Amino acid sequence: MSSVIAAWSRISRWLTENTPAHADALNPPTTDEQIAEAESKMGLSLPSELRQLLMVNNGSTAKQRSLPGNTRYDARGGGDYSPFPSAFAFCDVKLICSLYTGNREASIAMREPGSRYEYWKEGWIPVFRKKDVHCGLFLDVSGGQDPAPMYAYEEESFPEPAFPSLADYLSTVADALEGIRPFTVMGRSAPHLPTVREGLIVW
């Protein structure tokens with residue numbers, strides 16, 4: 001079992017045992033055909049860790065239902081269902097493709113390709129994001145590194161290194177869920193452990 005799948009298995013198992021609504025919001029696996037179609041539109045190949053993860057769960061989407069007595073669950077998919085820190089949702093392969101191509105088109109329209117401060121560089125593959133906000137985590141495959149490093153991005157700020165790899169990010173999340181160590185981003189963020197409230201995770 002690869003390190004990214006091992007970490008993801010810990011997360012999904014914890015969700016199933018402690019917050020079933022979060023586990024229920026995980027999509028079924030993607031297919032080789034869906035990945036191939038996305039890669040064709042994007043003009044690049046998805047990194048191996050991301051491909052492995054998508055072949056287990058193709059992102060996270062809120063189910064069209066509500067939880068009795070729960071005021072936090074957003075059945076419309078607004079983000080409260082997300083089990084990840086900062087209310088980041090795990091993008092499915094279709095959304096990854098849409099965000100990447102849209103951001104690249106915007107960057108090209110700004111006539112910034114090649115600039116250090118380019119809006120969205122070729123090879124920045126979004127994996128986690130906050131709904132309707134230019135904010136999240138992407139994998140950078142532009143340098144050919146395997147595994148690809150993960151960066152945090154948000155509006156009007158240059159992306160910063162966040163985790164050495166997708167597996168490292170997922171392991172950090174799993175450790176926090178299991179109470180092994182607080183969640184931090186490259187040691188910069190204030191460490192914290194999640195709690196469960198009204199059947200959902202609160203970071």
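In what order do the elements of the protein chain run from the N terminus on? They run α-α-α-α-β-α-β-β-β-β-α-β-β, and in total there are six helices and seven strands in the chain. I should say at once that this is a predicted model, and that what follows should be heard with that in mind.

Let me begin with the chain as a whole. Of its 203 residues, 47% count as buried, and if we take the contacts with a separation of 6 or more, 55% of them are between residues 24 or more positions apart.

That brings me to the interior. The largest nonpolar core has 51 residues, and the members that touch the most other members are F84, F128, L166, Y169 and L170. Helix α6 provides the largest share of this core, with eight residues.

Staying with α6, which spans residues 166-177, I would like to look at S171, which has its place in that helix. Is S171 buried or partly exposed? With a relative accessible area of 21%, S171 is partly exposed, because buried would require a value under 20%. Leaving aside residues up to four places away in sequence, S171 touches A7, R10 and R181. There is also a pairing with the beginning of the numbering to point out: the C-alpha atoms of S171 and S3 are separated by 8.5 Å, although these two residues are 168 residues apart along the chain.

Now to the pockets. The largest one holds about 370 Å³ of space, and its lining consists of 21 residues, with S86, F88, A152, E154 and V185 lying nearest the centre. Which strands each supply at least two residues of that lining? They are β3, at 135-140, β4, at 150-154, and β5, at 157-163, and it is β5 that gives the most, namely five residues. In terms of chemical character, the lining divides into 13 nonpolar residues, five polar ones and three charged ones.

Finally, a word on the cysteines. A disulfide is a covalent bond between the sulfur atoms of two cysteines, and a search of the whole structure finds zero of them. Two cysteines can still be placed by their accessibility: C97 is buried because its relative accessible area is 8%, under the 20% limit, and C135 is likewise buried, because its value of 13% is also under 20%.

To close, I would return to α6, the helix that gives the core its largest share and that also holds the partly exposed S171.

Terms used: Residues are numbered from 1 along each chain as its sequence is written. This is a predicted model: local features need pLDDT of at least 70, side-chain atom pairs count only at pLDDT 80 or more; totals for chains, interfaces and linings use all residues. Side-chain values use heavy atoms; hydrogens and water are left out. On a 1 Å grid over the protein atoms alone, a cavity is a set of points where a 1.4 Å probe fits but cannot get out, and a pocket is an open set with protein on both sides within 12 Å along at least five of seven lines; lining residues have an atom within 4 Å of a point. Grid points are joined across faces, edges and corners, and a volume is the space filled by probe spheres set on the points. Helices (H or I, at least four residues) and strands (E, at least two) are DSSP runs, numbered from the N terminus. Ala, Val, Leu, Ile, Met, Phe, Trp, Tyr, Cys and Pro count as nonpolar, Asp, Glu, Lys and Arg as charged, and the others, Gly among them, as polar. Buried means under 20% relative accessible area, exposed over 50%, partly exposed in between (1.4 Å probe, protein chains only). Contact means heavy atoms within 4.5 Å. A nonpolar core is a set of buried Ala, Val, Leu, Ile, Met, Phe, Trp, Tyr and Cys residues joined through side-chain atoms within 4.5 Å. A disulfide is a pair of cysteine sulfur atoms within 2.5 Å.
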